[in-house]
Amino acid sequence: MKTTTIRSALTIMLSTLLLTACSSQNIKDTAGSDNDSNKPIISSNSGTTNGTLGSDGTSKVITSEQDGTNFNYLPGANNDPNNTQDISLAGLSDSSNLLSQRVIYFDYDKAAIRPEYMVLINTHAKLLAKYPNLKMRLEGHADERGSREYNVALSEARSQSVKNIMVAQGPSDNQIRTIGFGEEIPIVRGHNTKSWQKNRRVEIKYDDY
Amino acid sequence: MTNTLIYKFSLTFLLFISSVSAMAELELRISKTSDDGIPIYLANIAGGANGIIEGDLKRSGRFTVIDRSKITNIPAYGSTLNAGAYSNIADYIVRGKPLNGGLEVELTSTSDNAKTIYNISSNSNNRRVAHQAADKIYEKITRERGAFDTRLAYVTVTNKTSDNRMFRLYVSDADGHRPKAILSSRLPVMSPAWSPDAKQLAYVSFEENTSAIYVQNIFTGQKRKISARDGINGAPAWSPDGNRLAMSLSVNGSPDIYIANVNNGQLTRVTTSSAIDTEPSWSGTNSLVFTSNRGGSPQLYRIAASGGTVQRLTFDGKYNSAADIANKKLAYVRGNRGAFNIAIRSLNSSGADTLSNGQLDESPTLSPNGAMVAYTTLKNGDNTLAVVSDNAKARQFLTSPVGDVREPAWSPYLTQ
């Protein structure tokens with residue numbers, strides 16, 4: 001992945017964010033951090049850079065290399081807007097198309113959308129707008145910290161945040177259903193920062209795809 | 001479409017097999033007992049009831065059970081006991097014998113040789129006879145009602161990160177014995193809550209692929225849906241009179257506290273904030289304590305069941321949630337510096353004590369007399385149950401041989 005690609009992608013993402021900010025109140029908190037001193041972490045080092053909150057509440061930067069997995073907190077290479085030209089049902093099963101990416105990650109105890117996910121969310125929204133019979137379910141999840149019913153509420157707020165941004169792009173309200181599963185269905189088992197960031201997510205699920 | 005049909009079929013099948021009770025005994029491990037409690041000696045009782053009574057009294061954190069080797073010459077039950085001879089070892093001596101399928105138990109004070117005899121009638125669950133004897137002994141000595149003859153409900157999960165995951169709702173005796181699964185589902189089951197008569201459980205199940213609140217009779221298995229509105233249907237809590245269920249619903253936007261009449265379904269709204277309001281617990285016949293992040297972080301608030309102004313209860317720490325209330329005591333989750341622990345305090349004063357020492361403790365539930373708290377903690381990477389006395393002097397773990405055990409709900413006093 002080239003540094004310049006990341007930079008241009010970020011520029012586009014951020015401008016998309018600014019445009020969308022006018023139509024949605026859910027992203028006013030896009031810094032997405034608990035900690036006032038923790039600015040959104042955007043880096044142009046090699047590898048993907050992830051902004052996370054440590055269990056002690058301090059901010060940390062973890063690169064995907066240190067992470068030891070292919071987990072992309074940023075959408076990664078597929079985030080090139082050129083990949084989103086083909087907004088069609090076929091794109092859903094094309095692994096080089098951004099539509100094949102269906103997971104949005106969140107900061108601890110936050111439902112605000114991180115700016116790097118705006119392109120991904122808007123791309124799916126455009127697909128829904130193009131196919132009015134297409135239906136989607138947004139399944140929100142939380143990490144294991146904190147109490148269980150609070151986490152159900154938090155995870156539903158996350159799926160609602162994604163829905164609100166999508167609806168602003170044209171699809172009708174009844175094409176998108178939301179659900180909050182709380183911390184009940186983790187992707188990974190571990191009890192550490194790495195696992196927690198993978199479990200705090202909204203999964204995009206199309207009814208018949 | 002085909003997938004949906006298969007899914008529906010398997011759900012039906014699951015509900016069918018769920019009526020068959022799956023047994024999975026929890027393993028009890030005692031972490032610590034009080035060494036400065038009231039010293040009590042339990043003589044052997046034929047059939048072993050003394051062992052069950054010993055476990056109960058130790059769990060309360062209020063007793064130190066004297067080692068059997070310290071007194072070897074106790075006269076058999078029926079023979080004269082000169083209790084004063086043992087006053088330097090124990091304050092009380094318990095003897096007894098099985099009687100008509102039940103128990104006859106004698107409690108003697110070594111300070112004045114005063115004797116009290118209890119006759120406990122037989123029960124189809126033989127262990128309950130011993131728990132009832134322990135309740136009598138506990139009440140006589142502490143002047144506080146015993147709560148050993150009670151039950152726990154809890155949720156187990158196996159294969160939690162795979163597609164084979166299975167959630168089960170269990171009911172067991174309060175000491176973890178005699179577990180019985182009353183529901184199983186491939187989709188999350190959570191938040192069990194006992195009715196005041198201890199005959200029904202309200203819980204949240206995602207079995208129809210959305211959240212819904214059900215009420216199920218634990219004896220007959222009969223089950224009915226109480227709320228399946230759009231959005232969240234969560235955190236059910238029975239009113240003390242058993243006629244109403246407080247719950248968290250997001251049908252009108254952000255999650256708020258509502259009260260549903262269990263008999264006619266009539267719904268009234270309690271809170272109207274744009275923040276998360278959830279985890280209600282009744283703090284009286286007409287007031288609730290609940291979790292809200294309206295102040296920027298999750299904290300506990302109190303409100304009248306009819307709504308109105310809220311009173312904030314917690315100020316210490318960035319995360320206070322999941323209140324449970326019994327006998328004017330309030331147990332809750334307190335998050336501080338990245339760790340989540342169980343705290344307890346009087347409902348009407350603000351000083352709190354920390355009862356647990358794990359990293360991710362949650363779901364506190366008080367015994368009906370407020371003397372013990374069951375909660376969820378982590379052991380070897382899995383959720384397990386712990387029971388701690390309200391003075392933190394005794395602690396036990398109830399661990400499943402497979403998977404996670406969590407979300408304990410301590411029953412009220414049993415009526416059946």
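Start by selecting helix 4 of chain A, residues 148-167. In this predicted model, helix 4 of chain A runs for 20 residues and spans 29 Å between its first and last C-alpha, close to the 28 Å expected at 1.5 Å a residue. Now colour helix 4 by accessibility: 16 of its 20 residues are buried, so the rest of the structure largely encloses it.

Next, bring up chain B and show whatever touches it. You should get 29 residues of chain A in contact with 42 residues of chain B. Together the two chains bury about 2,800 Å², with 57% of that on carbon and sulfur atoms. Want the hot patch on chain A's side? Pick Arg148(A), Glu149(A) and Tyr150(A): this trio supplies 25% of the area chain A buries against chain B, more than any other three residues.

Stay on Arg148(A) and add Glu362(B). The two form a salt bridge, and their closest N and O atoms sit 2.9 Å apart. The count of salt bridges between chain A and chain B is 3. If you switch on polar contacts across the interface, look for 15 residue pairs, both partners at pLDDT 80 or more.

Which elements of chain A give two or more residues to the side that touches chain B? Select helix 4 and strand 5 (176-180) of chain A. Helix 4 gives the most, with 8 residues.

Last stop: colour chain A's side of the interface by residue class. Expect 12 nonpolar, 6 polar and 11 charged residues there.

Conventions
Residues numbered from 1 in each chain as written. Chains lettered and ligands numbered in written order. Predicted model: local features only at pLDDT ≥ 70, side-chain atom pairs only at ≥ 80, totals over all residues. Heavy atoms only, no water. Contact = heavy atoms within 4.5 Å. Buried area = accessible area lost by both parts, 1.4 Å probe. Salt bridge = Lys/Arg side-chain N within 4 Å of Asp/Glu carboxyl O. Polar contact = N/O pair within 3.5 Å; in protein donor to acceptor, adjacent residues only side chain to side chain. Helix = DSSP H or I, 4+ residues; strand = E, 2+ residues; numbered from the N terminus. Nonpolar A, V, L, I, M, F, W, Y, C, P; charged D, E, K, R; others polar. Expected span 1.5 Å × (residues − 1). Buried < 20%, exposed > 50% of the residue type's maximum accessible area, 1.4 Å probe, protein only.
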